[in-house]
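Please walk through this model with me, one part at a time. The path runs from single residues to the contact between chains, and then to charged pairs.

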Amino acid sequence: MTTYQEFIQQNEDRDGVRFSWNLWPSSRLEATRLVVPVSCLFTPLKERPDLPPVQYEPVLCSRANCKAVLNPLCQVDFRAKVWACNFCFQRNPFPPSYAGISEVNQPAELMPQFSTIEYIVQRGPQTPLIFLYVVDTCLEEEDLQALKGSLQMSLSLLPPNALVGLITFGRMVQVHELSCEGIAKSYVFRGTKDLTSKQIQVVPWLPRMPLHRAGRREATRHPSLFLQPIHRVDMNLTDLLGELQRDPWPVPQGKRPLRSTGVALSVAVGLLEGTFPNTGARVMLFVGGPPTQGPGMVVGDELKIPIRSWHDIQKDNARHLKKATKFYEALGNRSAANGHSIDIYACALDQTGLLEMKCLSNLTGGHIVMGDSFNTSLFTQTFQGVFSKDHNGDFRMAFGGVLEIKTSRELKVCGAIGPCVSLNSKGPYVSENEMGIGGTNQWKMCSLTPSSTLGIYLEVVNQHNAPIPQGGRGAIQFVTQYQHSNTQKRIRVTTITRNWADAQSQIQHIESSFDQEAAAVLMARLGVFRAESEEGPDVLRWLDRQLIRLCQKFGQYNKEDPTSFRLSESLSLYPQFMFHLRRSPFLQVFNNSPDESSYYRHHFTRQDLTQSLIMIQPILYSYSFHGPPEVSLAPPTHPYRVCFVLQTIAQWQKAGYQEMPEYQNFKQLLKAPQDDANDILETRFPMPRYINTEHGGSQARFLLSKVNPSQTHNNLYAWGQESGAPILTDDVSLQVFMDHLKKLAVSSSA
Amino acid sequence: MNVNQHTPMAPPYGQPQPSYGQPGYGQPTYAPLDSGYPAPYTPHNGPASAYHPGIPPQGYSSFTSFPSKAMAANPISDPSSPLDLGPARGPPTSGPTPVQAASQYNQHSSGDMQNGPPPATQAPPRPPASLQYNPGGVNMSAQQPSFPQHYGPPPTMHQVTNQMTGMHISSGPPTPAGPGYAPPPSSQPPTSHYSAPPQPSYSQSHPPASSAPSQLPPSSAPAGSQQYYPSSAPPSQQPISSLPPTSQQRFVSPGQPQHTFPPSSTSYAGPAPPPTQPASTPVTQTQPPFLPHQPPFSSAPGGQPPAFTTGPPPPAQGSFPPQAPPPSSQPGSFPPPSSVSSGQYPSSMPPPQQPPQSQPPTYHPGPPPPQAQMPPTSIGQSNHQPPGPQGPPSPTGPLQQPPLQQGMQTGYPPQHNGAFGQPRSPQPGYGGPYQGQPNYGAPAPTPQAQKRLDPDAIPSPQASDMPPVQKSRHRIDPDAIPSPIQVIEDDKAKTTEPFTTGVRGQAPPLVTTNFQVKDQGNASPRFVRCTAYNMPCTADMAKQSQVPLAAVIKPLAILPPDETPPYLVDHGEGGPIRCNRCKAYMCPYMQFIEGGRRFQCSFCSCVTEVPPHYFQHLDHTGRRVDCYDRPELSLGSYEFLATVDYCKNNKIPQPPAYIFLIDVSYNAVKSGLVSIICQELKSLLDHLPRENPEMDSVIRVGFVTYNKVLHFYNVKSSLAQPQMLVVSDVSDMFVPLLDGFLVNVNESRQVIESLLDQIPEMFADTRETETVFGPVIQAGLEALKAADCAGKLFVFHTSLPIAEAPGKLKNREDKKLIGTDKEKSLFQPQAGFYNNLAKECVTQGCCVDLFLFPNQYVDVATLGVVPVSTGGSIYKYTYFQAESDQERFLNDLRRDVQKPVGFDAVMRVRTSTGIRATDFFGSFFMNNTTDVELAGLDCDKAITVEFKHDDKLSEETGALMQCAVLYTSCSGQRRLRIHNMAVNCCSQLADLYRNCETDTIINFLSKYAFRGVLNNPTKAVRDTLVNQCAQILACYRKNCASPSSAGQLILPECMKLLPVYLNCVLKSDVLLPGADVSLDDRAYLRQLISCMDVAETHVFFYPRLLPLVKLESGALPVAVRDSEERLSKGGVYLLETGLHLFLWVGASVQQELLLNIFGTPSFGQIDSSMTSLPVLENPISQRLREIIDSFRAQRSRYMKLILVKQEDRAELMFKHFLVEDKSASGGASYVDFLCHMHKEIRQLLS
């Protein structure tokens, strides 16, 4: 028997699923006592180069409220040509096309190795991908040029039939008509006025799109003037971008430029809504500063009034926060309802209002990228990363994904946490107990990447007095419908199963089936989700309590004797993850702007397990003249990658030793981390911020804030000793944390 | 009385004539003969001018602090006047109030008379302060010269000489009057034209009159005299003639009238002598008609003349004097005044008149020539002052009768009307001649006839003549009623010298007359025209007379090239010097005191310190030494450079911007309009207004097209291609861009041209038919706001804005409402939106010019709100078709874009204590009761200001008004344009009636009435007009005219055209729409009239109808009256209204003429749709096209030529403009209206 470790890895590789518990407690009460809920991280579109999609429709259970897809777990009567649904036990005849089915001639979906299978289906017209650029023109000339370059570059990456559109904004919002000869035309909207969808429809020549399907077909025939196939308007658009000017309205001294981000987005959403509802589309918003006027305004144009900080928010002193957030939420929901996703590329030294705007991306599955300037490789490469392609040459993006979860009777779905919105599909699978986005068993993910991962929380419904019999198996089916980036409509079905275990008798088994990494990430998502709506300390307290309860449940100790406390191997790292999580910017807002917090949280709730884990507990590679790099401790959380050069080495570097032949090895030393970093940079999205710093350099704080504060003013005994200077932080060290944890875990009063 | 005296004198032709001429315009009648034109003019002008002269004295005093001089002048004038003028004027104006008349006359006479006495006195005064006095002198005769001097410092010497000359002259003959009347010029010329003979005869008697001429003599007596008076004018006259040339400038208008008389007299002399007449008989004949007209209405002039009373007519006069005289006596009485004119006209008039002449001749032909001037005058008098004087006048009349006859007839008819009612019996015989209305004619005829017969031997001849004429006896003979043509031609003939503005209260020549103006302290009539140049002193008088007191101000009027535009005065950082209390600007009326350290405001009497930098010593007369170096101390019109205090927000204004907003909806594109505009703009943009022709205009331009949405264009010079920015959110308009929208033409030329090339293509396939309008103006407004500048929007619009947007309108045209009490609502805007928008526009200095191209109802009343409130214009091209309307539209557009214009203007009219500007009419906006705010003010816009008394005025100081317009010039400079105007004040109503201007009154009344339709039923408005007119005339009749039978219609000379013009106003489409007149047209006209100046309203209400005969000669043919009867089947006529231009072709025109004009010999082959005449190489064609071009050049709007063939369908439209006829919509004919008016007057009197 393979270890759980291997099993987990295998499952993840095949199905993109990581469960917190790989044996499920057989009753609700038992499940509750396990502290960490039965839940999983699911990556719907995990890249499976080895999985060829099948070219036919899935076979569905005929029961109206089930509709589960035929899968390897189903009982099949080859002679009667019927199959029993493993969720509702309905017996279904095979469709005529399966007439030749037999035990030796099974369709793929019945084979165990195809617990995940992808169907290509013919449904509706194939609409090309749509990319709508929404560009802020209130940028510094340098930034604007860089951005224009990036945009022009991106045009070359788009498939020729993709539809593109361009909206620029500053004080006004301009929607550019792309097909015109001669005079460049654009429609202009005032940046201060919220336009209803209807008002935007007033734009003439916009094909009137009734929301039903007939309209959509028509839309394809008469593409809007504002969204044109790239192959037809390539030149136009390139020129247009080339002639793009900075916002021509003068900015008086002491004022911010007037930036109508809100209206621009409103127009973009309205435009797509009117022309291509329920079609995969991507709104890409590029901003160089906060919205300063109109709906969605985050800060006024007076420079003397700074943009809101956490302090302001806590004091309820952020004037525009609620209104703006409400505005963007409404917009995000509208966009999500139509299946359009919104990316935000914000490059500015100050905040740009991501806090308010984050829901745009969170609800629609769009990206958020934050940088200092468009004129950096961070942005350029990240932006390029959006258009990265898989081994088939298709974009690593998918649109209009709908995830449906079906469970066997013993389980119900509590909710999901990730870049999705609820479709409010009530059904037998839906639990009344909500965790994350609940109350439904279907979610919409307007945009998906192979790494988009949802945390899905389940509930065991069997009562304690009627547990599930031993040896039973529970099953979950994930049905993901989406539009592939090559415009195909596909359905990916993943059906997984786990054994039930009696928590009373098989607690060891259950304990050993614990996936502490998955559990840490899932708990972290819950924490982050709570942090969005609750006060930071409350969330931390909740996390601490969960951790303590878990330790109490699974720890081996003598009461009131902290030193006796032991955790099994399967849980040994979990407290450490929690320790780092507590200190992470996902939960701590100190030293982070509201925008940064939003940014981190946004990324945390969508990355797959590995990335998430790294973000919780950074990995620090150290390099020396001797031997290969070794992982010493947590490196910077995801968005940052710091190249920390020690003091001594820095002096050498300044002296220019690396240029001297006799110090060749030194040069290599310096180069090594950079090379490694580049490797990492290439695989991450968004591109981590690469910070090259040295001891005592200003940017060293990024590193120091991430590493374990093993020496702080809290343990001054270390002061002056060889371990070097203390790292000044309010946080406790891991050691202290663990000590407290043990104490509390063994305490009977807890 | 005087007249009488004179009359006696008169016997000798010369003397009588002068007397007549002076008194009644009668003299002119004579003039006709030799100096046909002069005479006629003189009569009309004469009275006025004559009076002026009297006034001048006052004026002088007021003007310059030369009271002494003024005094001197006055005395002189007085003496002289009593002699000559007294009589002359007396008769005309006030038969009843001889005294008044006398006094007035005196004044006038002073001018006219200039008789012996004055000369002496005058002479002395002038010499003393030659320079300074010059002004004073100028007032009289020499004044003019002085003014010129004012302008140029150097002149002093010249002035002196001039004055000297003038002095001499004046001194010589009748000096005072002569010079004062400088007018002689006018008269002189005519005289010259006319036969010398008369002059000689007159010379004797006329000396006084000639005195004026005498003045002239000094300068170039020989030449001038030769021409004018040479033969006719005795030595004295000759001098006068000489004067004209030299003195012309100086004497100009003021003197002219008087002079005219003299000349006229001379002319009369000519005519009087039978011999001369023969030669001019035709002329005289024609003249007669005119003369008569004058007399009857202007009876005052002629009638009053005691002379008449003296004559036999008196008795008759009482009842029928007029009638009786009509034939003979009328001629007599009128002749003096009118006859003169007629005499003058003859030359010019003849052609047109000839047809009628036939009749006249019949009537009086005989008499006129033989009877000589004397009789006519008397007749005229008789008419006016039927009773006593008439008798004698009639005899005199006879002489003049020939010319008068026609006039007489006309004149009499009216009288007959009135008179007929009573004593008609006698008239029967005459009735025939009168043809006119049985009513009038029937009864009156006999009496008249009798009278006429009685008075003169002439009657008989007349009687004989009459019969033929009488054919249509039942009605009043149209030729017998006052003829606008006659008046116009008289005035033209009379005006031969520049009009100098130095004399206070002097009425300028008519707007139809070409004349030059010398600014000598009052604003040129091109800038300011008043209804009355002699304001009543008290509110009671004003109320009694009902004569509106108003001024028509055209602040930025363009002056002819030979006149200097207002000087720009820069007072430095302190800004213009102003009165501390009333804030009046420094002007010639300010009195410097305390050695020049302070000045006293003549408006409010407040004393203000003179700023040190402005200090200047005074000379011994109390005048600043630098008076003539400073325009603001010596001129009536000038400009100040405004300082930053006068700028909005205390910021120097940005250069203005022009924004073109073009409708590109289906209709506009289809009609070709869009491409026409775009094509034209390409070249037009090089002609934006600029102050320095060498420099590029600093005006920036922007472009917008629109249908249901708006398209802005970025034409920044750095762009390779223009960019179009569409704003579809019209509910809340904004400007999508700033930088690149308003650009300098030269910098962005390529981009702009590219844009203009592409616009028509871009919208070639448009199917959008709906348009917006409110947002279009808002867009322009917002653009100007964003650019922080003033400017002008050119909106080219086609249809009713029914698209969903602010200012959306619905079709509310409902013909059923016409004539009901609700009709007024159709003139009111549909929605308040545009009123608010207009207010915003005004605040920003955003002027809107609207070009409409409707194919159906567009609700001009509402669309026009903004243009009208912002000082903009509306142009309307109904059923626009590229081929036929392009030319008109493009010419309008060119002119509109190129014409000088000021922005963000505020006009304030300040007045001296006693009167106050109470009401304003025109295209502007008012936030309070005093400031007229004009977002834009162009050179064609006139503002009519009404004055009311709030206290008593004094005759000594007169009434002053100062119009100050603060505006931003097209180069972005902030300026103040000041116009000063001083008028006389009178305590006698007769003076008021003697010195007013009917054209201006009509301008006021029409604007008043057209505004009235907004709030009152049109019927009520019409009734009000008729009532007011009746009251004006009744008041005159009651207080100023000599006692006469109630049956007589007696009109003041100055207002004898009031009925005919008023009738035209009443018949206008606005007040009395025909079935085919759309509501839009009415609203359009209503708004159009509101900013017209006097010249425009004049031709609009009384179109100019030119018979195309004798085209080869240089002069324009004399117009004929607007009546179908005047059209000859064999003729071709040109009719212009200022808006329309018709070429009417009679059905039986000679082939040759057709060939010459149209290049085809056949009437049937003429293409009636042609809009321009073929270019043919023959003199007639060339000349005709020249005339048409010159007409167009005169008007602010291009007139499309419409060809009307007789009996053609289009003739209906043409006939609509024959305003003396009954109109299809029920408007009364001139004759009918006159009768009606007479009835009204009688009712008022009884």
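A residue counts as buried when its relative accessible area is under 20%. A:Ser20 has a relative accessibility of 0%, so A:Ser20 is buried. Keep in mind throughout that this is a predicted model.

Where does A:Ser20 lie? Its place is the loop of chain A between strand S1 (17–19) and strand S2 (23–25). Set aside the neighbours within four places in sequence, and A:Ser20 still has a list of contacts. Among them are A:Val36, A:Pro37, A:Val38 and A:Ser39. The list also includes A:Ser513, A:Phe514 and A:Asp515. A:Ala518, A:Ala519 and A:Leu522 are in contact with A:Ser20 as well.

Now turn to A:Phe327. This residue sits in helix H9 of chain A, which spans residues 321–337. Is A:Phe327 buried or exposed? Its relative accessible area is 11%. The limit for buried is under 20%, so A:Phe327 is buried. Beyond four places in sequence, A:Phe327 is in contact with A:Asp194, A:Gly262, A:Ser266, A:Pro295 and A:Gly296. A:Asp234 gives another reference point for A:Phe327. The two residues are 93 apart in sequence, and their C-alpha atoms are 34 Å apart in space.

Step back to chain A as a whole. Chain A has 21 helices and 29 strands. Of its 750 residues, 59% count as buried. Take the contacts in chain A with a separation of 6 or more. Residues 24 or more positions apart account for 73% of these.

One stretch of chain A carries an annotation. An unreviewed UniProt entry lists residues 398–501 of chain A as "domain: Sec23/Sec24 beta-sandwich". What does the model show over residues 398–501? The chain there is 57% strand and 0% helix. The C-alpha atoms at the two ends of this stretch are 38 Å apart.

Next comes the contact between the chains. The size of an interface is often given as the accessible area lost when the parts come together. Chain A and chain B bury about 2,100 Å² between them. Of this area, 59% is on carbon and sulfur atoms. The contact takes 23 residues from chain A and 27 residues from chain B.

How many salt bridges are there between chain A and chain B? The count is 2. In a salt bridge across the chains, A:Lys193 pairs with B:Asp729, and the closest N and O atoms are 3.3 Å apart. There are also 10 residue pairs in polar contact between chain A and chain B, with both residues at pLDDT 80 or more. On the side of chain A that touches chain B, strand S10 (172–176) and strand S11 (184–190) each supply at least two residues. The largest share comes from S11(A), with 7 residues. By class, this side of chain A has 13 nonpolar, 5 polar and 5 charged residues.

Salt bridges also occur within chain B. Over all chains, the structure holds 71 salt bridges. One of them joins B:Arg598 to B:Glu609, with the closest N and O atoms 3.2 Å apart. The pair links distant parts of the chain, 11 residues apart: B:Arg598 is in strand S8 (residues 598–600) of chain B, and B:Glu609 is in strand S9 (residues 607–609) of chain B. B:Arg598 has 29% relative accessibility, so it counts as partly exposed. B:Glu609 has 47%, so it is partly exposed too.

Compare that with B:Asp940 and B:Lys899. Their salt bridge has its closest N and O atoms 3.1 Å apart. B:Asp940 lies in the loop between strand S22 (931–938) and strand S23 (943–949) of chain B. B:Lys899 lies in the loop between helix H42 (882–898) and strand S19 (901–911) of chain B, 41 residues away in sequence. Both B:Asp940 and B:Lys899 are buried.

A further pair is B:Arg1121 and B:Glu1220. Their side chains form a salt bridge at 3.0 Å, N to O. B:Arg1121 is in the loop between strand S26 (1104–1107) and strand S27 (1132–1136) of chain B, while B:Glu1220 is in the loop between helix H51 (1211–1215) and helix H52 (1230–1245) of chain B, so this salt bridge ties together parts 99 residues apart in sequence. Both B:Arg1121 and B:Glu1220 are buried.

Finally, some salt bridges share partners. They join B:Lys792, B:Asp849, B:Arg895, B:Asp896, B:Lys899, B:Asp938, B:Asp940 and B:Lys941 into one network.

Notes:
Residues numbered from 1 in each chain as written. Chains lettered and ligands numbered in written order. Predicted model: local features only at pLDDT ≥ 70, side-chain atom pairs only at ≥ 80, totals over all residues. Heavy atoms only, no water. UniProt positions renumbered as here; feature names shortened; annotations may be inferred. Helix = DSSP H or I, 4+ residues; strand = E, 2+ residues; numbered from the N terminus. Buried < 20%, exposed > 50% of the residue type's maximum accessible area, 1.4 Å probe, protein only. Contact = heavy atoms within 4.5 Å. Buried area = accessible area lost by both parts, 1.4 Å probe. Salt bridge = Lys/Arg side-chain N within 4 Å of Asp/Glu carboxyl O. Polar contact = N/O pair within 3.5 Å; in protein donor to acceptor, adjacent residues only side chain to side chain. Nonpolar A, V, L, I, M, F, W, Y, C, P; charged D, E, K, R; others polar.
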